[in-house]
Amino acid sequence: MREYVLSRLAGDGIGPEVVGEASKVMEAAGQQAGFAIRWVDYPFGAEHYLRTGEVLPEGAVREMGETDALLLGAVGDPRVKPGILERGILLHLRFHFDQYVNLRPAKSYPRVPLPIQPKSGKGLDTLVVRENTEDFYIGIGGRTERGKTSVDLATERGLFTLTGRLEGAFSGATEGAFQLGVASEPAVRRVVAYGCRAAKARGEEGIAVASKANALPQMYGFWEEVARDEANRQGIKMSVVNVDAMCYHLVRTPDLYGVIVAPNMFGDIVSDLLAGLAGGLGVAAGADIGDGLSMFEPIHGSAPDIAGTGSANPIATILTGALLLNHIGEQGAATAVERAVTEFLEQAAPKALPREFGGDGTTTAVGEAILKRL
Ligand code: NAD
Ligand code: IPM
Ligand code: MN
């Protein structure tokens with residue numbers, strides 16, 4: 001029997017709840033398709049940090065790198081200062097393994113109510129291809145002290161190392177803070193190339209690039225130039241849409257775009273918007289793809305507002321599990337999981353639907369019902 005070794009980091013809030021359901025469904029799909037999953041569990045997240053002061057040890061990261069893929073729930077907890085866990089775990093993993101594409105399909109499913117019905121009468125099927133290693137996420141910045149700043153630029157990425165220092169001072173010892181955005185040619189090129197290949201695979205002629213060169217011409221003007229060159233090389237049409245206008249168009253015409261390629265921060269924002277338009281964060285799957293270890297995580301976070309109530313919809317993580325299975329070469333099992341989700345949504349009694357969609361289906365009840373469909 002084939003065996004896959006998968007790292008599993010359930011994390012905080014609803015993370016363990018939804019990862020639990022997704023794991024059961026993935027195991028069952030494996031049994032049917034003739035493979036087994038061996039999980040390697042990691043305890044990192046708020047509880048572990050508050051107890052031990054440890055965020056994510058390098059030894060664990062090395063170990064994860066030896067496994068076939070990583071399934072992650074979510075990290076972040078109101079008891080921990082924002083950024084410590086999110087940057088220390090989630091972004092660290094994306095950067096360490098150079099997971100340069102954050103793939104976020106916005107797909108609508110049967111009986112999932114859409115807040116705005118597309119005029120075509122059909123559902124949504126848009127793919128957000130988000131750059132995942134740089135932009136304002138690069139992690140360079142700092143606060144002033146008595147108006148002065150001296151920020152170390154030292155950064156390591158799969159594609160480059162950056163060195164140097166940024167010095168500055170406000171007059172009158174005015175205090176402030178800096179956050180630097182960075183775009184590198186190879187990083188833009190590879191994510192745009194990925195988006196172009198995805199568009200071809202979907203039978204589409206073009207991609208839409210989310211930008212904002214009118215206000216931030218240095219970084220996003222460069223982005224557009226490199227993207228245009230790469231799209232030409234790939235033989236794909238490219239339109240540039242300012243991200244503010246993109247949000248406006250999306251609310252009026254949710255199914256306007258096929259493949260959206262976006263810099264890191266715009267991709268983060270636009271993918272949550274599209275998740276909302278496609279029915280909810282509870283069905284929005286995601287993947288961080290690189291040439292080494294890839295990571296699979298729903299778009300949503302730890303949802304502390306509903307953690308422990310049984311209201312979390314596990315479908316996003318179950319569909320994320322399907323993306324993982326597809327990635328490790330188990331297309332049959334991936335399709336079976338997706339079909340089970342679709343059939344459940346089509347056929348479930350109204351009361352059995354997830355609470356997110358007006359039913360009374362708890363996290364475990366929805367997970368069990370999908371498992372039965374398999
Ligand atoms: P969030 O995605 O956790 O929640 C936004 C809203 O969506 C909340 O009302 C929540 O209840 C709802 N929601 C999310 N997932 C749901 C699900 N599966 N079913 C039903 N409803 C769901 O975003 P937030 O509130 O901005 O962040 C909460 C914490 O999660 C923060 O600490 C944040 O930093 C962190 N976060 C982590 C990740 C990650 O680890 N991948 C992603 C986003 C946010
Ligand atoms: C996401 C999240 C993260 C991001 C946060 C938690 C750092 O919002 O995965 O979309 O901004 O990438
Ligand atoms: Mn986000």
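The axes of helix α5 and helix α6 (residues 217–234) cross at roughly 45° and come within 9 Å of each other. That angle makes α5 oblique to α6. The crossing of the two is right-handed. This description, like the rest of the account, concerns a predicted model.

On the α5 side, the residues that meet α6 are E185, V188, R189, V191, V192, A193, C196, R197 and K200. Their partners in α6 are F222, W223, V226, A227, D229, E230, A231, R233 and Q234. Sorted by class, this contact holds 10 nonpolar residues, one polar residue and seven charged residues.

A second helix pair is formed by α7 (residues 243–252) and α8 (residues 264–277), which pack at an angle of about 5° with their axes 11 Å apart. Angles under 35 degrees count as roughly parallel, and α7 is therefore roughly parallel to α8. From α7, the contact takes V243, M246, C247, L250 and V251. From α8, the contact takes F266, V270, L273, L274 and L277. The class count here is 10 nonpolar residues, with no polar and no charged residues.

The third pair is α10 (residues 331–347) with α11 (residues 363–373). Their axes lie 8 Å apart, and the packing angle is about 115°. The range from 65 to 115 degrees counts as roughly perpendicular, so α10 and α11 are described as roughly perpendicular to each other. Their crossing is right-handed. A340, V341, E343, F344 and Q347 of α10 make the contact with V366, A369, I370 and R373 of α11. Six of these residues are nonpolar, one is polar and two are charged.

Helix α10 also takes part in the largest pocket, where it is one of the elements that each supply at least two residues of the lining. The volume of this pocket is about 730 Å³. Its lining has 25 residues, of which L103, P105, L127, L323 and N326 are the closest to the centre. Besides α10, the elements that each give at least two residues are β4, β5 (125–131), α5 (185–201), β15 (287–289) and α9 (315–327). Helix α5, already met in its crossing with α6, is thus among the contributors to this lining as well. Which element gives the largest share of the lining of the largest pocket? That share comes from α9, with five residues. By class, the lining of the largest pocket divides into 17 nonpolar, three polar and five charged residues.

Turning from the pocket to enclosed space, the structure holds one cavity of 30 Å³ or more. The space in the largest cavity is about 30 Å³. Its lining consists of P105, A106, K107, A275, A278, G280, V283 and A284. Strand β4 (residues 101–107) gives the most to this lining, with three residues. Six of the lining residues are nonpolar, one is polar and one is charged.

Strand β4 therefore links the last two topics: β4 supplies at least two residues of the lining of the largest pocket, and β4 also gives the most to the lining of the largest cavity, with strands counted as DSSP runs of at least two residues. At the level of single residues, P105 is among those closest to the centre of the largest pocket, and P105 also lines the largest cavity.

Conventions: Residues numbered from 1 in each chain as written. Chains lettered and ligands numbered in written order. Predicted model: local features only at pLDDT ≥ 70, side-chain atom pairs only at ≥ 80, totals over all residues. Heavy atoms only, no water. 1 Å grid on protein atoms, 1.4 Å probe; cavity = no way out; pocket = protein on both sides within 12 Å on 5 of 7 lines; lining within 4 Å. Points joined across faces, edges and corners; volume = space filled by probe spheres on them. Helix = DSSP H or I, 4+ residues; strand = E, 2+ residues; numbered from the N terminus. Nonpolar A, V, L, I, M, F, W, Y, C, P; charged D, E, K, R; others polar. Axes fitted to C-alpha atoms, helices over the stretch in contact; angles between N-to-C directions. Parallel < 35°, antiparallel > 145°, perpendicular 65-115°, else oblique. Left-handed = near helix turned anticlockwise from the far one by under 90°. Contact = heavy atoms within 4.5 Å.
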